[in-house]
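Biologist: Before I accept any label in a structural description, I would like to hear which criterion stands behind it. Could we go through this one with that in mind?

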Amino acid sequence: MRRSDAAGFVSFVGAGPGDPELITLKGLRRLREADVVVHDRLIPVELLSDVRADADVIDVGKAAGRHGVAQDDINRLIVERARARGRLVRLKGGDPGLFGRLDEEIGAVQAAGLPFEIVPGVTAATAAAAVAGCSLTARGRASLVVLATGTDHTADETAGLDWDLLARIEGTLVFYMAARRLPSITTLLADLGRDPGEPALVVEAAGRRDARIVSGELGTIAEAARRAGIEPPAIFITGPTAGLARVSLARLLEAGAYA
Ligand SMILES: C[S@@+](CC[C@H](N)C(=O)[O-])C[C@H]1O[C@@H](n2cnc3c(N)ncnc32)[C@H](O)[C@@H]1O
């Protein structure tokens, strides 16, 4: 077993949303140099072909709503494997700093006295807007973007978020992990005064060849997504710019953008 760095070094790398070309050059370099790769489920598997043949590759992925490797075990694994082999890449879907329990993993690495870095990635929110052909801000109409989770650790979508405030915000709301909570989230926002006619989008598997977009309005998008059979990973965007979605996926595919 090759050991390139006795001290160990952990790179938390954003793998991007699903298109293997949406990782940064720095992230890809770290992946190619790695002695160990510990990865999530939602990473483009194609990236693993860039990993050295003698590197260890460990999948600690969790499916939505199911338990994978416990977080404490992941933290321990990162520390142990980095110490044993040297350069460890912790490859996370999207950007590692958004809804990825990054702080807990950094805490374990720091407590073990190991140095680390964060290599950012393209997050699902911007990838979804790109697939839909719209922006998340618009001069004079959306000067604010909120990135929120539709499923927090309490398993209660109303906990931890100020829904009155979210309903009043004049800007774009983006909900991660919301695919199974769309009916309750959209109803709550509308009940609290958000315009049910506001443009809204749901993007499934943004950045992947099988990406799908459902567009509509806040008041009706949950039913439209249900009819379309939208499944995780999907992201929900509501706000003025969602109405500017101009590029249909069919056109993207025709144009060979995913070739
Ligand atoms: C645990 S969070 C991780 C987010 C990730 N760190 C990021 O920056 O995109 C997982 C959620 O991100 C969203 N997500 C991740 N990849 C996605 C994709 N390719 N298309 C749409 N949503 C995605 C979904 O809402 C999914 O439930």
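What follows is a conversation that sets values against definitions.

Modeller: Two remarks come before the rest. This is a predicted model, in which local features need pLDDT of at least 70 and side-chain atom pairs count only at pLDDT 80 or more, whereas totals for chains, interfaces and linings use all residues. Residues are numbered from 1 along each chain as its sequence is written, and side-chain values use heavy atoms, with hydrogens and water left out.

Biologist: How many helices and strands does the chain have, and what makes a run of residues count as one or the other?

Modeller: The chain has eight helices and ten strands. Both are DSSP runs numbered from the N terminus, a helix being H or I over at least four residues and a strand being E over at least two.

Biologist: What share of the residues is buried, and what share of the contacts joins residues at least 24 apart?

Modeller: Of the 259 residues in the chain, 47% are buried, where buried means under 20% relative accessible area, exposed means over 50% and partly exposed lies in between, with a 1.4 Å probe and protein chains only. As for contacts (heavy atoms within 4.5 Å), 70% of those between residues at least 6 apart in sequence join residues at least 24 apart.

Biologist: Why is strand S10 called mostly covered?

Modeller: Strand S10 spans residues 234–238, and five of its five residues are buried. Ala 234, Phe 236 and Thr 238 point one way from S10, while Ile 235 and Ile 237 point the other way, and all are buried.

Biologist: How do you know that S10 pairs with S7 and with S8?

Modeller: Two strands pair if DSSP finds at least two bridges between them. Three bridges join S7 to S10, which run antiparallel, and five bridges connect S10 with strand S8 (residues 199–204), also in the antiparallel sense, so both cases satisfy the criterion of at least two. Among the individual partners in S10, Ile 237 is matched with Val 174 and Ala 234 with Glu 204.

Biologist: Why is the pair of Phe 99 and Tyr 176 called tilted?

Modeller: Rings of Phe, Tyr and Trp (its six-membered ring) pair if their centres lie within 6.5 Å, and planes under 30 degrees apart count as stacked, over 60 as edge-to-face and the rest as tilted. A search of the whole structure finds four aromatic pairs. In one of them, Phe 99 and Tyr 176 lie 4.9 Å centre to centre with 55° between the planes, and the pair is tilted. Phe 99 is in the loop between strand S4 (87–92) and helix H3 (102–111) and Tyr 176 is in strand S7, so the pair ties together parts that are 77 residues apart in sequence.

Biologist: What makes the pair of Phe 175 and Phe 236 stacked instead?

Modeller: Phe 175 and Phe 236 have 20° between the planes at 5.9 Å centre to centre, and the pair is therefore stacked, since planes under 30 degrees apart count as such. Phe 175 lies in strand S7 and Phe 236 in strand S10, so this pair ties together parts that are 61 residues apart in sequence. Both Phe 175 and Phe 236 are buried, and ring pairs link these two with Trp 163 into a cluster.

Biologist: Is Tyr 176 buried or exposed, and what is Phe 99 called?

Modeller: Tyr 176 has 8% relative accessibility and therefore counts as buried. Phe 99 has a relative accessible area of 37% and is called partly exposed.

Biologist: Why is the contact between Arg 85 and Asp 56 called a salt bridge?

Modeller: A salt bridge is a side-chain nitrogen of Lys or Arg within 4 Å of a carboxyl oxygen of Asp or Glu. The closest N and O atoms of Arg 85 and Asp 56 are 3.1 Å apart, so the pair qualifies. Arg 85 lies in helix H2 (residues 71–85) and Asp 56 in strand S3 (residues 56–59), so parts that are 29 residues apart in sequence are tied together. Arg 85 is buried, with a relative accessible area of 1%.

Biologist: What is the N to O distance for Glu 204 and Arg 212, and how is each residue classed?

Modeller: The side chains of Glu 204 and Arg 212 meet in a salt bridge at 3.0 Å, N to O. Glu 204 is buried at 10% relative accessible area, whereas Arg 212 is partly exposed at 32%.
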